[in-house]
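This report follows one region of a protein chain from its pairing pattern out to its surroundings. Please read it alongside the sequence and the coordinates.

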Amino acid sequence: MVENGFDTALHEREGIEQPAQVNPYLQKRKRRDLSVDEYVDGIRRGDRVILSRAITLIESVNPEHQKLAQEVIERCLPYAGKSLRIGITGVPGAGKSTFIEAFGTFLTQHGKNIAVLAIDPSSERSKGSILGDKTRMEQLSVDPHAFIRPSPSGLTLGGVARKTRETIILCEAAGFDVIIVETVGVGQSETVVKSMVDFFLLIMLAGAGDELQGIKRGIMEMADALVINKADGDNVTPAELARTRYQSALHLFPKNENGWVVPVTTCSALEHTAIDKVWQIISEFEALTKSNGFFEQNRNEQNVKIFYDWIDFTIKNNFFNNPAVQTSIEQLLPKVLAGSITPYQAGNAVVESEE
């Protein structure tokens, strides 16, 4: 081959022809959009696929999806409120997922239909979540009387609260007797979950340091019961010692207005031992608070909080979606970064631009 007047061994070869499509008749199907009536009817029938699609609508940031989700929620609201809502939290490694699987299996074996709403922390960097709770709850995930829905926490706890509260409504309308909400287990997420459940369970470990250091945490003041998990093998004695110490420490706390004395018990989620004791404690709490009116009072107070949270969310959402605000932020942010204006001055200017 001659190229630019010089002999060369280089020459072009024909490329490999692309093979034809394996199945020319195979086309990706687009799921048909469901109407509000179809969503509500499917949820009321306990259709897990439609329930999952409805929850996806709640989690969507698409304005059209949000509008449709609100219509579905409003239609489902008259059928909600009949479940027992249980929040479960604990430090990483306490065995929350193992406990939920053992506890959930116990409930389904005793005729309960349960829904597990597991909140997975979202990455600050990638914005993604692993959503691996179904893989950790192998037995419960295939139980026909259980429904597990891992959801990303997003980057704001307000998002967790709104999505989870609305998901609870759908699950109750679907006929679930017990709704379990597992917290992220970090920071203020416990406070958020406490504000949407009837019973708040704190799972602890023995031998992970000075047990009495736990009383410094405000989390213990929110708990309706403490469970020392992993009370098996060589850890039985340390777990019992931790139970005694925690029980003594709780006597230093002010008494609950609802008349409930917070108990501390031990269990082994791995060996499925003493799980029935936990359910007995929860049942006694439910019976007491329903008899003295605090159960309904707690839910009413939660509804008031939801009311204010929704106002707060809507105001912030409308504010940041205002074109004038967005333009003002774009103009002022470089000045903040350059140090030519303080963040407070810039913030005031952005607020004034919205008026």
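Two strands are said to pair if DSSP finds at least two bridges between them. In this predicted model, strand 8 and strand 9 (residues 264–266) meet that condition, pairing in the parallel sense over 3 bridges, and within that pairing L226 stands opposite V264 in strand 9. Between these two strands the chain passes through helix 10 (residues 236–250), and the resulting β-α-β crossover is right-handed. Strand 8 also pairs with strand 7 (residues 199–204), again in the parallel sense, over 4 bridges, and there L202 is the residue opposite L226.

The pairings of strand 8 are set out below.

| Partner of strand 8 | Sense | Bridges | Residue opposite L226 |
|---|---|---|---|
| Strand 7 (residues 199–204) | parallel | 4 bridges | L202 |
| Strand 9 (residues 264–266) | parallel | 3 bridges | V264 |

Are the faces of strand 8 (residues 225–228) buried or exposed? Both are covered, since A225 and V227 on one side and L226 and I228 on the other are all buried. Once neighbours within four places in sequence are set aside, L226 is in contact with L202, M204, M220, Y246, L250, V262, P263, V264 and T265. L226 is also, together with I43, F99, F103 and L170, among the residues that touch the most other members of the largest nonpolar core, which has 86 residues. A second core, separate from this one, has 6 residues, including V325, L332, I341 and A346. In soluble globular proteins, nonpolar side chains tend to be buried together.

Over the whole protein, which has 14 helices and 9 strands, buried residues make up 43% of the 355 residues. Of the contacts between residues at least 6 apart in sequence, 73% join residues at least 24 apart.

Helix 2 (residues 48–59) allows a check of geometry: at 1.5 Å a residue its 12 residues should span 16 Å, and the end C-alpha atoms are indeed 16 Å apart, so the two values agree. At the start of helix 2, a side-chain oxygen of D47 comes to within 3.0 Å of the backbone nitrogen of V49. The buried residues of helix 2 are I50, L51, R53, A54, I55, L57, I58 and E59.

A contrasting site is G111, placed in the loop between helix 4 (96–109) and strand 4 (114–120). With a relative accessible area of 58%, G111 counts as exposed, because the cut-off for that class is over 50%. G111 and H145, although 34 residues apart in sequence, are 8.3 Å apart in space, C-alpha to C-alpha.

Conventions:
Residues are numbered from 1 along each chain as its sequence is written. This is a predicted model: local features need pLDDT of at least 70, side-chain atom pairs count only at pLDDT 80 or more; totals for chains, interfaces and linings use all residues. Side-chain values use heavy atoms; hydrogens and water are left out. A nonpolar core is a set of buried Ala, Val, Leu, Ile, Met, Phe, Trp, Tyr and Cys residues joined through side-chain atoms within 4.5 Å. Buried means under 20% relative accessible area, exposed over 50%, partly exposed in between (1.4 Å probe, protein chains only). Contact means heavy atoms within 4.5 Å. A crossover is right-handed if, with the strands pointing away from the viewer, the path from the first strand over the helix to the second runs clockwise. The expected span of a helix is 1.5 Å times one less than its number of residues. A polar contact is a pair of N or O atoms within 3.5 Å; within protein, one must be able to donate a hydrogen and the other to accept it, and residues adjacent in sequence count only if both atoms are side-chain atoms.
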